[in-house]
Amino acid sequence: MKKVLGALLLGATIVSAFIAYSMYTNHSAKQTAAIDQKQAAKKAEKKTEKKKKPVPKVEDLTYQLKDSRTGQVMKEFKPVHYTDKDVYDQEIKQLASELAKGIDTPMQNIKMDANGALTGGSKQIILKEAELVKNLQNLNTKQLDVKVPIYETAPNVTAASAQGIADVSLASYSTRFRPSDTSRNRNVQLSAEAINNVVLGPGDSFSYNQTVGERTAERGYQPAPEIINKQLVMGIGGGICQTSSTLFNAVDGAGLQVTARSHHSKHVGYVPAGRDATVSWGGPDFKFTNNKDYPIIIKAYANVNTGFLTVDVRTSQRSI
């Protein structure tokens, strides 16, 4: 009997243990399933949120155009036509041109006074339009600052490098004019004085219009004949092209780099055919660059009594 009761007790214990284990296993499985279900729900929510959140596009964003020198915001720009290449390229080229008009400043060349001291001069400021256009063509959604490439170049000459700068002539050129033509001669004289003693360091550029300035009656320029569309007409400053043409021949003889030159619409008598350089305010200009590795000085003399205009390009003895 005892054996039977012991067997029954052992069986009951085993059954109870099995039932308890089964209940525990079922509960754990339910918990695990619930956790997995919650995690799956969270992942689904995140995916839904990502789908709902719009992906930014370049044409929907606003970019800040910043001065490369200072980091200052110059303009805010919204590239609404970014996906239309032809329209967008035209738009950004016009934008670059408009910004450059308010930035670009030609170099004011240094001059040497009667005591041999250097005076004046200011740096050239240039907005590189092609570089800005390239920056605007390569916009992205992560970087909203756009560099506006602005470069400054100061005149490259010092008092030390200019020592003895007028000692040696690299090239000289002379033209003649009638001493009796007083109004025209006055214009030649004024323009010669404007370019006289201009000093250019290595790499410095020269603009005749910028150096001589606007030819007006207020500045002393006189009405005199000038060539326009193959015709001789009266104009304030007539005759200054003789100065620019004489300068060209001296500059060319010195081997400097001519960067802008235009011919008159008809032959002029003071230089051989094809050796002239016409200029007008707001129109054609005569420009060159000092491509030497040393500074040069321009000397210009207009003798209204003898009727000779001479331009001499000079430098120091040690430079050549």
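**Exercise 1.** What is the volume of the second largest pocket, and which residues lie closest to its centre?

*Solution.* The model is a predicted one. The second largest pocket has a volume of about 300 Å³. Of its 18 lining residues, P106, S207, Q210, D285 and K287 are the closest to the centre. Next, assign the lining to secondary structure: β5 (124-127), β10 (205-207), α5 (208-212) and β14 (287-289) each give two or more residues. Finally, sort the lining by class, which yields 6 nonpolar, 10 polar and 2 charged residues.

**Exercise 2.** Determine whether the length of helix α6 agrees with its number of residues, and whether the helix is enclosed or not.

*Solution.* Helix α6 covers residues 240-253, that is, 14 residues. The expected span is 1.5 Å times one less than the number of residues, and for α6 this gives 20 Å. The end C-alpha atoms are 20 Å apart, so the two values agree. For enclosure, count the buried residues: 12 of the 14 are buried, and α6 is therefore largely enclosed by the rest of the structure. Among them are I240, T243, S244 and L247. Just after the helix, G255 adopts a positive phi of about 80°.

**Exercise 3.** Which element gives the largest share of the largest nonpolar core, and which residues does Y208 contact?

*Solution.* The largest nonpolar core has 36 residues, and Y208 and L247 are among those with the most contacts inside it. Helix α6 supplies the largest share, 6 residues. Leaving aside neighbours within four places in sequence, Y208 is in contact with residues including I195, I240, L247 and F286. Apart from this core lies another, of 21 residues, among them A96 and L127.

Methods
Residues are numbered from 1 along each chain as its sequence is written. This is a predicted model: local features need pLDDT of at least 70, side-chain atom pairs count only at pLDDT 80 or more; totals for chains, interfaces and linings use all residues. Side-chain values use heavy atoms; hydrogens and water are left out. Helices (H or I, at least four residues) and strands (E, at least two) are DSSP runs, numbered from the N terminus. Buried means under 20% relative accessible area, exposed over 50%, partly exposed in between (1.4 Å probe, protein chains only). On a 1 Å grid over the protein atoms alone, a cavity is a set of points where a 1.4 Å probe fits but cannot get out, and a pocket is an open set with protein on both sides within 12 Å along at least five of seven lines; lining residues have an atom within 4 Å of a point. Grid points are joined across faces, edges and corners, and a volume is the space filled by probe spheres set on the points. Ala, Val, Leu, Ile, Met, Phe, Trp, Tyr, Cys and Pro count as nonpolar, Asp, Glu, Lys and Arg as charged, and the others, Gly among them, as polar. A nonpolar core is a set of buried Ala, Val, Leu, Ile, Met, Phe, Trp, Tyr and Cys residues joined through side-chain atoms within 4.5 Å. Contact means heavy atoms within 4.5 Å.
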